[in-house]
Amino acid sequence: MRLHFNEIDSTSVFLKNNVGEFNHGDWVSADYQSAGHGQVGNGWESESGRNVLLSLLMNPNKIPACEGFRITEVVTLGILDALSDFDLRIKWPNDIYAGDGKLCGILIETGILGGHIDKAIVGIGLNVNQTCFESDAPNPVSLAQLSGKEFNVNEMAERVVTMVFERYERGVECHEEYLSHLYRRGEWHEFQRSDGARFEAMIVDVERNGLLAMKLRSGEIVHFEFKSIKYIL
């Protein structure tokens, strides 16, 4: 089931507040979100009717809470499947990048029951036809900018949801494939710690719990939680 709004505060908030009325595979979309947000409350800029704005409901099958990152892997790879005509990468943990530009943001909120993931509300914001970005986001890019043509936003939303659930039905064991698409994996780059200190490191892995494993020039392997480091673009 799909429920569409011309305007809403947030598709994810609506789905979360009414989750009892929805089943696995159902989704909510909107032309415009007045209070759309990303990770840690970051805003999400979007012109009305120009981009994909949606949230979908998953009821995962017996995924332990400690392995919840599997949902991130499934969702990001499903979006890559939907956009297979483009050369895209996954910026840990779950942004979709074209080159050094952010094309798609994802926010996954999970519920835990009996030590397992009971439900996941997956919010997806995909830049489709917008070509002018006025917020202070440093590096947005859209499909229209990448291709030089416009797309049918409704068809793109349908395709994204279809491919995400097709990927889910194929199974949640796709860690190695996720790693193969990881942005800047196996390359030396500069990063910044949460205290502002910069360092050089190479991304080598993502642990089952979602921690990013990085190799320092000294050879030491260090691990980082989300938002504890910043990519220097």
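Helices (H or I, at least four residues) and strands (E, at least two) are DSSP runs here, numbered from the N terminus. The model is predicted, so to speak of a local feature takes pLDDT of at least 70 and side-chain atom pairs count only at pLDDT 80 or more, while totals for chains, interfaces and linings use all residues. Residues are numbered from 1 along each chain as its sequence is written, and side-chain values use heavy atoms, with hydrogens and water left out.

**Exercise 1. Place Asn127 in the fold, then find what its side chain touches.**

Step one: look between β7 (116-126) and α3 (143-147), since Asn127 sits in that loop.
Step two: check burial. Buried means under 20% relative accessible area, exposed over 50%, and partly exposed in between (1.4 Å probe, protein chains only). Asn127 comes out at 2%, so Asn127 is buried.
Step three: look for a partner. A polar atom of the Asn127 side chain lies 3.1 Å from the backbone oxygen of Val141.

**Exercise 2. How many disulfides does the whole structure hold?**

Step one: set the rule, which asks for a pair of cysteine sulfur atoms within 2.5 Å.
Step two: run the search over the whole structure, and you get zero.
Step three: see why Cys66 misses out. The closest cysteine sulfur belongs to Cys174 and is 16 Å from that of Cys66, too far for a bond. Cys104 is in no disulfide either, with the nearest cysteine sulfur, again that of Cys174, 16 Å away.
Step four: compare surroundings. Cys66 is exposed at 56% relative accessibility, whereas Cys104 is buried at 0%.

**Exercise 3. Count the salt bridges, then work through some of them.**

Step one: take a side-chain nitrogen of Lys or Arg within 4 Å of a carboxyl oxygen of Asp or Glu. That rule gives 16 salt bridges.
Step two: try Glu109 and Lys16, whose side chains meet at 3.0 Å, N to O. Glu109 is in strand β6 (residues 101-113) and Lys16 in helix α1 (residues 11-17), so this pair ties together parts 93 residues apart in sequence. Both ends are partly exposed, Glu109 at 25% and Lys16 at 40%.
Step three: move to Arg167 and Glu177, which meet at 2.8 Å, N to O. Here the link runs from helix α4 (residues 153-169) to helix α5 (residues 175-180), with the two residues ten apart. Arg167 is buried at 3%, but Glu177 is partly exposed at 31%.
Step four: add Glu190 with Arg198, where the closest N and O atoms are 3.7 Å apart. Glu190 counts as partly exposed at 37%.
Step five: don't stop at pairs. Glu67, Arg70, Glu173 and Arg208 are linked in a network of salt bridges.

**Exercise 4. At what angle do α2 and α4 pack?**

Step one: get the axes, which are lines fitted to C-alpha atoms, for helices over the stretch in contact, with angles from 0 to 180 degrees between N-to-C directions.
Step two: read off the geometry. Helix α2 (residues 69-82) and α4 pack at about 130°, their axes 8 Å apart. That makes the two oblique, given that under 35 degrees is roughly parallel, over 145 roughly antiparallel, 65 to 115 roughly perpendicular and the rest oblique.

**Exercise 5. How far apart are the C-alpha atoms of Ala65 and Gln145?**

Step one: find Ala65 in the loop between β3 (52-58) and α2, where Ala65 is partly exposed at 34%.
Step two: go 80 residues along the chain to Gln145; the C-alpha atoms are separated by 38 Å.

How values were computed
A polar contact is a pair of N or O atoms within 3.5 Å; within protein, one must be able to donate a hydrogen and the other to accept it, and residues adjacent in sequence count only if both atoms are side-chain atoms.
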